[in-house]
Amino acid sequence: MNIKYLPVLLDKLNINKQDYEDALFINVAYDKQLIEYQDDYGMALGNIDITDRGKLLQLLTILDRSRQYKYIFLDVIFEKGYKTPVDSALFSMIKNMKNIVIVNHSDIALSDLSLKNKSAINEYASTIVATNFTRFVYLHGQQASMPLYAYRSLTGKDISRYGLFYTCDGKLCQNSLFLRFPTKGLSEYDANNERMYYNLGSDLLESYSVQDLALLTKDKYVFIGDMVEDVHDTYAGLKPGIIITYQALQALLQNEHIVPIGLIVILSIIYFLISLSLLRSKSVIDRIPIIKHSHSKIINFIVSFLGYVSVLFAVVVVLNLFFDKTISILIPSLFFATLNLIIKYKRTEI
């Protein structure tokens, strides 16, 4: 049983569709410039290609003048050691713009330390059983991710940690969230031949006027990043980093990280019943009246394959389909598996 098959079902039921109407994606994969690269001691090592900062400055200047956008997510790294003639103007523009965040990583130093206040982490979590992208972490220690940085500015709310628990707006919440993606990838054009994303230089800067760009970005979240090389393996296929950032932002804005009281109560009851069934040598399935009193060999054969993992997975499916919530069953499964082994060991001793 694997939750990665749920998006396929959701797509079929038209539940997991995504139109990205509130976002504008800008691809910078084909906008490169060649610069001289130096080591930490200032020794020239040769040349290296980076995202064209002149074009970024041109785009941001236009967006700053119109100010029609909701928020800008600039997923382009400005790492120390990579210098261009326009850096001073570009960095000054970023520092003075409203509603913009740039990407940072825990293992790099920014070219200009004054950019730190406009930067946020964009790193993804994996597990011991899944080395690809599985869950999005919003708060890394004391450092916010790009979506959380924007969420603070847009809503005034924040995620805070208290020991093992996280809260948001006074409510229990998840800091590591499973994101749902459409199984269909984001192509340059949709089925109606409408643009799904734009290339920075060849599309926007060369073919669109200042007025066109203002209209295109009006009330939009603008995501700027490499949609060709900066891709990550997810359960729904390869996804560009800026698409993951978009989904993580939407999850926050739609309160998907908030843990409802009702969900806590339901899970507590389910976990209690599973624990009780293990202690009494009876599974949760066995306690269903129609199964409990059945003498059918077929039913008993099927029930033999059903256990607490099946119950937990069924809970995940129901929550995802009908309540728009996704939970991890890894820790509960490990807990019940351990509990089951302990109980069986104790019984064999007796």
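**Close-up views of a predicted model**

**View 1. Helix H8 and its two sides.** Helix H8 takes in residues 261-279, 19 in number, and reaches 27 Å from its first C-alpha to its last, close to the 27 Å expected at 1.5 Å a residue. The expected span of a helix is 1.5 Å times one less than its number of residues. Helices (H or I, at least four residues) and strands (E, at least two) are DSSP runs, numbered from the N terminus. The buried residues in H8 are Leu-263, Leu-267, Ile-270, Ile-274, Ser-275, Ser-277 and Leu-278. These residues lie on the same side of H8, because they cover an arc of only 160 degrees around the axis; the arc is that of the directions from the helix axis to the C-beta atoms. Ile-261, Phe-272 and Leu-279, on the other side of H8, are exposed. Buried means under 20% relative accessible area, exposed over 50%, and partly exposed in between (1.4 Å probe, protein chains only). An α-helix has 3.6 residues a turn, so residues three or four places apart point the same way.

The model is predicted: local features need pLDDT of at least 70, side-chain atom pairs count only at pLDDT 80 or more, and totals for chains, interfaces and linings use all residues. Residues are numbered from 1 along each chain as its sequence is written, and side-chain values use heavy atoms, with hydrogens and water left out.

**View 2. A nonpolar patch on the surface.** The patch is formed by Leu-164, Phe-165, Leu-172, Ile-261, Ile-264, Val-265, Ile-269, Phe-272 and Leu-273, which together have about 910 Å² of accessible area. H8 gives the largest share of the nonpolar patch, six residues. Ile-261 is found in helix H8 and is exposed, with a relative accessible area of 63%. Patches are made of residues with over 30% relative accessible area and no salt bridge; like charges are joined within 9 Å, and nonpolar side chains (Val, Leu, Ile, Met, Phe, Trp, Tyr) within 5 Å. Accessible areas come from the Shrake-Rupley method with a 1.4 Å probe, and for residues only the protein chains shown count as cover.

**View 3. The largest nonpolar core.** This core has 31 residues, of which Leu-56, Leu-60, Ile-72, Leu-74, Phe-78, Ile-94 and Ile-224 touch the most other members. At least two residues of this core come from each of strand S1 (23-27), helix H2 (53-66), strand S4 (71-74), helix H3 (87-96), strand S5 (100-104), helix H5 (200-207), helix H6 (210-216) and strand S16 (221-225). H2 supplies the largest share, six residues. A nonpolar core is a set of buried Ala, Val, Leu, Ile, Met, Phe, Trp, Tyr and Cys residues joined through side-chain atoms within 4.5 Å.

**View 4. Gly-201 and Leu-59.** Gly-201 lies in helix H5 and is buried, with a relative accessible area of 1%. Its C-alpha is 9.3 Å from that of Leu-59, although the two residues are 142 residues apart in sequence.

**View 5. Helix H7 and the residue Asn-255.** The 13 residues of helix H7 (residues 241-253) should span 18 Å at 1.5 Å a residue, which agrees with the 19 Å between its end C-alpha atoms. H7 is mostly covered, with 12 of its 13 residues buried. Among them are Gly-241, Tyr-246, Gln-247, Gln-250 and Leu-252. Asn-255, just after H7, takes a positive phi of about 60 degrees.

**View 6. Positive phi in two loops.** Asn-99 has a phi near 50 degrees, a positive value in a residue other than glycine. Asn-99 sits in the loop between H3 and S5 and is partly exposed, at a relative accessible area of 31%. Asp-169 is not a glycine either, and its phi is positive at about 55 degrees. Asp-169 is found in the loop between strand S12 (165-168) and strand S13 (171-173), where it is partly exposed, with a relative accessible area of 48%.

**View 7. Salt bridges.** The structure holds eight salt bridges, a salt bridge being a side-chain nitrogen of Lys or Arg within 4 Å of a carboxyl oxygen of Asp or Glu. One of them joins the side chains of Lys-55 and Asp-31 (2.9 Å, N to O). This pair links distant parts of the chain, with Lys-55 in helix H2 and Asp-31 in the loop between S1 and strand S2 (32-38), 24 residues apart. Lys-55 is partly exposed at 25% relative accessibility, whereas Asp-31 is buried at 3%. Asp-87 forms a salt bridge with Arg-53, the closest N and O atoms being 3.0 Å apart. Asp-87 is in helix H3 and Arg-53 in helix H2, 34 residues apart.
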